[in-house]
Structure formats: C-alpha cells, structure tokens
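Colleague: Could you take me through this model feature by feature, giving the general idea before the particular case?

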Amino acid sequence: MTAPTGAAISIAGCGKTYPDGTRALSPVDLEVKAGETLVLLGPSGCGKTTLLRLIAGLETPDAGGRIAFDGADVTALPIEKRNVGMVFQSYALFPNMSVIDNVAYGLRVRGVATQARRAQAASVLAMMRIEALAERRIDQLSGGQRQRVALARALAVRPRVLLLDEPLTALDAALREHLRSEIDALLRRLAITAVYVTHDQAEALALGDRIVVMKNGAIAQVGTPREVYFQPADDYVAGFVGITNRLEGIVRNGRFETAAGILRVTAPDRAKARLLFRPEAVRLVSPADATLVFQVTQVEFQGPRQRVTLNAGDGTRIIAEAPADLPLSAGTAIGLVLDANRYSLA
Ligand SMILES: Nc1ncnc2c1ncn2[C@@H]1O[C@H](COP(=O)(O)OP(=O)(O)OP(=O)(O)O)[C@@H](O)[C@H]1O
C-alpha cells in the first residue's frame, strides 16, 4: 500500500509533441493537491492549454508520461472515463436547449433518470443563483449568464476534478472581476480540486492556492501567489507577474549607485548589481529629501492610488505607486526613496 500523498492529480514526466512536430510541452512533473485551485499562468502559446488537455484526457502525453488521479493511473483513460468537469472560454453549450437541459446533459449521458437529473441540475442552478433562468434557451442569455450555466453544467456531474480554460476571457472587465470572485467563493465552498488556465496575472493571484508560471512549454516557477509575487524565481516570472522595476548599478558602502542617482540599500559591496523592486515598494518625496530624483512623465489615476511613470535624465524609466492625494503631474520633479526590505539585488 502506498501512503496517501494528498495529491489528487499527479503528473509525472508529461510532455507533448503534436503530430506536426510542434513541441508544445517539455516533460513536466506536477502535483495538484486535493481541494486546491492550481492556476496555470503564462503568455499565449506557452503550453497551458496543452497541459490542461492532458489532465482532461483530451490529449495523450508523449511516451513515458504518466497521469494519476488519487493514485490511480489514468494515462490511458479517455476524458469520459476520468470524471472531470470542463469549462471553456467559448461556453460550448447547446444553443437551442434550455438552461436546465444543458446542465442536466452530462447526467443524461451517464444514464441518470429524468426526474433525478432534473432535481440535481436544479440544485446546481440554485447554488449558482441562476434558478430563475432554468427554462430559458442559451441564445437568450448574456455572456456572464452563459458562463454561469457552463460552470453549473461542469459541476452537475460532481466531477472529481474541475478544469477551467480561460473561462472569463470573453467577458467584459467588470463582469470578469465579479464572476472571478464568485468562482473563487464557489471553489472554496465546494473544496473541489481545480486546475484553472489563464494568461491574466490578476486572475491568477486572486484565484490560485498555487500558481504554475509557464514559459515556452516548461514550468518557470510553482508557488503560492505571494511566493511568485514577492520571490519570483527569475526575471521572467518577475516581469510576468506584476510590474518590476530594474536599475543597473553598483553597491558601495550601503548605497546602490546608478547613473541616475543613489539609493540606500542593505547589501554587501558588489561591482555589478541589478536592483529589482515593485511599484509599491517606493515612497515619492520632495526632491530635497532624496538622492535619486526623477521627472514625472505620466500619471494614471486609479481611484485609491495613482500609478506614476518616472524618467531620470539618462532615460531610466520607473513605475511607482503613490497615494491618490499626492499632487503630481507631468513635468514635476520628484524624489524616490526605497522601502527597507522591499527590493532585491541580483
Ligand atoms: N493540435 C495542435 N497541433 C499542433 N500544434 C499545436 C496544437 N495545439 C497547440 N499547438 C501549439 O502548441 C503550443 C502550445 O499551445 P497551447 O494551446 O498549449 O498554449 P497556451 O499557453 O494555452 O496558449 P493560448 O493561451 O494561446 O491558448 C503552441 O505553439 C501551439 O501553436
């Protein structure tokens, strides 16, 4: 008997080369824990969907790859034998069928009797708070309603794994955020094991228990949202998850010296250094109180905060965040102070 690992899905040495020779995924090892939401994050073409489709059973991995659900090998099982629920960007609903028939569809395929499947579908609709839409046709629904129906349909079969491929991408910004927090609450309440594909870092940070940052068909980092944000494994991750400012210079006597000026740092001397920090890791002060002075080139008011683009005389560009009430406008000279412990030196 093997000891339980707590891994609902384990992926070992799974790569994918498509028949036309495209190597979409290098062999990866990954575990998804029971009940967690794992987000696959990365730019277009990095292999997120391919990895999701391997988990779903819509693709088979290259020779040697193995996928297990709760310790049982499913590598050779097609999607209909894996008990996964899937939600796509494009809804993939039946447009002429009613909402409740769409939601009950998977149960029908599994041979559940009419009464029972309608009752089960109705309870999922109630859970998603769309019971009032039960008899509507799909083509009479808004995008947000359709995506709720798609989610309800995926959940109706009580899948052991829920797989979501960019489910919010087709929706407008406000609805996307609203549905994102609904999905977050739902996944937590159901404690379902979920794998969620997105290229949107805000979505990944908000929804993921852990995030897998992908690059060119490989894994660049796996970590909690806080880990990938505050301790990015490399420049690629730092640049993809949030904004990272970079300054080149040297460290001498507790000072980082760059062409544009000087910042205080706690670090040993080094002849070649790169200072990395987030926009929120700085304070903007009067030029008289700083040893690094920039010119404001752009101010973007964001409600509670403002995002400020700064330029030094030598062309160095920095993005900083500042409280909304700090008077700033293009052309203002402003000093920059770095918060202690909120930067890294490479
Ligand atoms: N059926 C296929 N045949 C050949 N190449 C494919 C196939 N499906 C995907 N690819 C290629 O494999 C690579 C990874 O694609 P994949 O869809 O996994 O990326 P992705 O990160 O999900 O991107 P996107 O966000 O654009 O969907 C890409 O280069 C893509 O063109």
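Colleague: Which of the 13 residues around the ligand come nearest?

Modeller: This is a predicted model, in which local features need pLDDT of at least 70 and side-chain atom pairs count only at pLDDT 80 or more, while totals for chains, interfaces and linings use all residues. Residues are numbered from 1 along each chain as its sequence is written. A residue is near a molecule if its C-beta atom, placed from the backbone, lies within 6 Å of it; here Tyr18, Ala24, Ser44, Thr49 and Thr50 come nearest of the 13 around the ligand.

Colleague: Which helix gives the most to the shell around the ligand, and how do the residues of that shell divide?

Modeller: Helices are DSSP runs of H or I with at least four residues, and strands are E runs of at least two, numbered from the N terminus. Helix 1 (residues 48-56) gives the most, with three residues. With Ala, Val, Leu, Ile, Met, Phe, Trp, Tyr, Cys and Pro taken as nonpolar, Asp, Glu, Lys and Arg as charged, and the others, Gly among them, as polar, the shell holds three nonpolar, eight polar and two charged residues.

Colleague: How do helix 2 and helix 3 cross?

Modeller: Axes are lines fitted to C-alpha atoms, for helices over the stretch in contact, with angles from 0 to 180 degrees between N-to-C directions. The axes of helix 2 (residues 99-109) and helix 3 (residues 114-127) come within 9 Å and cross at roughly 125°.

Colleague: Into which domains is the protein chain divided?

Modeller: Domain bounds come from an automatic or database domain assignment, which here gives domain 1 (7-240) and domain 2 (245-345), with C-alpha centres 40 Å apart.
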